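Dear colleague,

Please find below the structure that I am handing over to you, followed by an account of what was found in it. I would be grateful if you could read the account alongside the model.

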Amino acid sequence: MDSFVEELGEERGQSFAEDETEDVSTVTAVNIPPPGIYLPLLPKYLRYPKTTGRKPSEFQKVKEDCLNSIQEALLQSQWQRAAELMISYVESLENTTKEKQLAAPEEIWRIGTEILQHHPRSNIDEINQFADRMKNLGVKKYLKVSLEHVFHLLCNGFLDEAYQNLVLAESWRYGEQTVAQEEDLKLVQGYRALLDYLKWLKKKTDLLKLDENSYAVSSIQQDMHSFYRQARVGFKQIIKTPGVWDPFVKCYVDMLEHYEEYEEMRKVLDEYAYNSKFPANPNAHVFYYQFLKRRGEPRKVQISALRVLHELVPSHELMLEFFIMLKKSKKIKNQKLRLEVIFEVLDFAGWKENIKAWRYLAKQIVEILQNSGKQLDWLKKEWGSRKDWWPAFHFSHYLAKTNWHENKGLACEKVLVAGILLGKDCKYFRYIVRQGCKAKKKKFKMLRRFVKEHSWIKERLE
């Protein structure tokens, strides 16, 4: 493996004018037919090598076959075979076109990293050595290589080493390349801030274990504040860039809340949720709503936040909370929205067996009936778009038997909805009521009577 790492790390930017026939003999010794399988992680221009101008030589064909064989070995987790092929492939890059010479560092980096991170005989020292050489070999990818190296260190528990690599990457400067990699630099700063947050969190945990009068309290608080200041700089840099930054936002907000900087919290979360330059992100609205709820903000403001979440993800777990909040509102439009919310929740398979959701729908239907049918148009509108598929989705005879035997509580909530929307001849309603009457439960006789009295509803809904 040592020789393998040395071969991968050699810089190939000097002489590419050696005799072509010698290289052909080197690569053909591999003697492996092209499998036609390409590595998904490689950029497109690496997956399908192209030659422009003159017809590709036999050498070029063999080189491409070698690359294809490496990709096949990676997909099949044949790390030793991939390593051996890689040595031959690196040698073949010495005699190639200018375009391929420019792409060579990235090819070596991506394939070599994949092999080293999975090869059973590789170790962290070899990976560090390879990463350092790749950073210097391809300065155009310096920060990307640094980030991938950091991720590998983090996955293997080397937090301190990862932090040091992030600090070095953050201070890296290389003329115009520094400006060209500005977006990657923000990522480096963000992940360094994330590790500062972890250090801060550990100190916070240690602080909670100490007595208030302990001499160590002041020292730990100072360390925490130092980590907080460092992390804050990195978090602010990455969060102001349009994107999805949920882990960074959550950590930053946690620190701000600890120091009771509520106005800054509001500003960060509001910007993250409502800035039109950012992609639509349901979690951003969840974070903002949770903040409003913790701060005891007016119900109107909380409803506004959940309304946007409902538009983005009508099946979100917070929709039942949204339903209850709307129920407390006296506005007619909110009562109408309440019915829409509960119907849309039950459109999704993940909610089919949620007892609370069916209970809420059943209660609102009863409310509508008790309101002299003034809100019947709302019910007609919601049922109109579902009457063709809800019967099979929710109210089949099979589901009736399954619900009754496995979850009687669910069946008891669904049966009223089935009876009102589909009438007393609905298979689900008939089966559940019959089983309930056999069990001598009085409420099923009352239920049958209630549905019979309101049998006219089914005609009005059609």
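**Findings**

Leu-198 has a relative accessible area of 41% and is therefore partly exposed. Please bear in mind throughout that the model is a predicted one. Leu-198 belongs to helix α11, which runs over residues 182-209. On the surface, Leu-198 joins Leu-159 and Leu-201 in a nonpolar patch, and the accessible area of the three together is about 220 Å².

A network of salt bridges links Glu-170, Arg-192 and Asp-196.

**Salt bridges**

The count of salt bridges comes to 15. In general, side chains of opposite charge can pair when their charged atoms come close. Three of the pairs are described here in turn.

Asp-347 and Arg-386 form a salt bridge in which the closest N and O atoms are 2.8 Å apart. Asp-347 is in the loop between α18 (332-345) and α19, while Arg-386 is in the loop between α20 (376-384) and α21 (390-394), so this pair ties together parts that are 39 residues apart in sequence. As for cover, Asp-347 is partly exposed, at a relative accessible area of 21%, whereas Arg-386 is buried, at 4%. The cut-off for buried is under 20% relative accessible area, which is why Asp-347 falls outside that class.

Arg-359 makes a salt bridge with Glu-413, and here the closest N and O atoms are 3.3 Å apart. Since Arg-359 lies in helix α19 and Glu-413 in helix α23, the pair ties together parts that are 54 residues apart in sequence. Arg-359 is partly exposed, with 30% relative accessibility; Glu-413 counts as buried, with 18%.

Lys-424 and Asp-425 also meet through their side chains in a salt bridge, at 3.9 Å from N to O. Of these two residues, Asp-425 is exposed, at 58% relative accessibility, and Lys-424 is partly exposed, at 45%.

**The second largest pocket**

The space in the second largest pocket amounts to about 330 Å³. Its lining is made up of 13 residues, and those closest to the centre of the pocket are Cys-412, Leu-416, Lys-443, Met-446 and Leu-447. Three helices each supply at least two residues of this lining: α19 (355-370), α23 (408-422) and α25 (442-453). Helix α25 provides the largest share, with five residues. By character, the lining of the second largest pocket comprises nine nonpolar residues and four charged ones, with no polar residues.

Two of the helices that line this pocket, α19 and α23, are the helices that carry Arg-359 and Glu-413 respectively.

**Cavities**

How many cavities of 30 Å³ or more are there? The count comes to two. The volume of the largest cavity is about 80 Å³. Its lining consists of Trp-109, Thr-113, Leu-116, Gln-117, Ile-127, Phe-130, Ala-131, Val-145, Glu-148 and His-149. The elements that contribute two or more residues to this lining are α6 (98-118), α7 (124-137) and α8 (142-155). Helix α6 gives the largest share of the lining, four residues. Six residues of the lining of the largest cavity are nonpolar, three are polar and one is charged.

**Two further residues**

Two residues remain to be described, each together with a partner that is separated from it in sequence.

Tyr-228 is part of helix α12, residues 216-239. Is Tyr-228 buried or exposed? With a relative accessible area of 3%, Tyr-228 is buried. Tyr-228 and Leu-256 are 28 residues apart in sequence, and their C-alpha atoms are 8.9 Å apart in space.

Arg-460 is located in helix α26, residues 456-461. Its relative accessibility is 44%, so Arg-460 counts as partly exposed. Arg-460 and Leu-379 are 81 residues apart in sequence, with a C-alpha to C-alpha separation of 9.9 Å in space.

With kind regards

Methods: Residues are numbered from 1 along each chain as its sequence is written. This is a predicted model: local features need pLDDT of at least 70, side-chain atom pairs count only at pLDDT 80 or more; totals for chains, interfaces and linings use all residues. Side-chain values use heavy atoms; hydrogens and water are left out. On a 1 Å grid over the protein atoms alone, a cavity is a set of points where a 1.4 Å probe fits but cannot get out, and a pocket is an open set with protein on both sides within 12 Å along at least five of seven lines; lining residues have an atom within 4 Å of a point. Grid points are joined across faces, edges and corners, and a volume is the space filled by probe spheres set on the points. Ala, Val, Leu, Ile, Met, Phe, Trp, Tyr, Cys and Pro count as nonpolar, Asp, Glu, Lys and Arg as charged, and the others, Gly among them, as polar. Patches are made of residues with over 30% relative accessible area and no salt bridge: like charges are joined within 9 Å, nonpolar side chains (Val, Leu, Ile, Met, Phe, Trp, Tyr) within 5 Å. Accessible areas come from the Shrake-Rupley method with a 1.4 Å probe; for residues, only the protein chains shown count as cover. A salt bridge is a side-chain nitrogen of Lys or Arg within 4 Å of a carboxyl oxygen of Asp or Glu. Buried means under 20% relative accessible area, exposed over 50%, partly exposed in between (1.4 Å probe, protein chains only).
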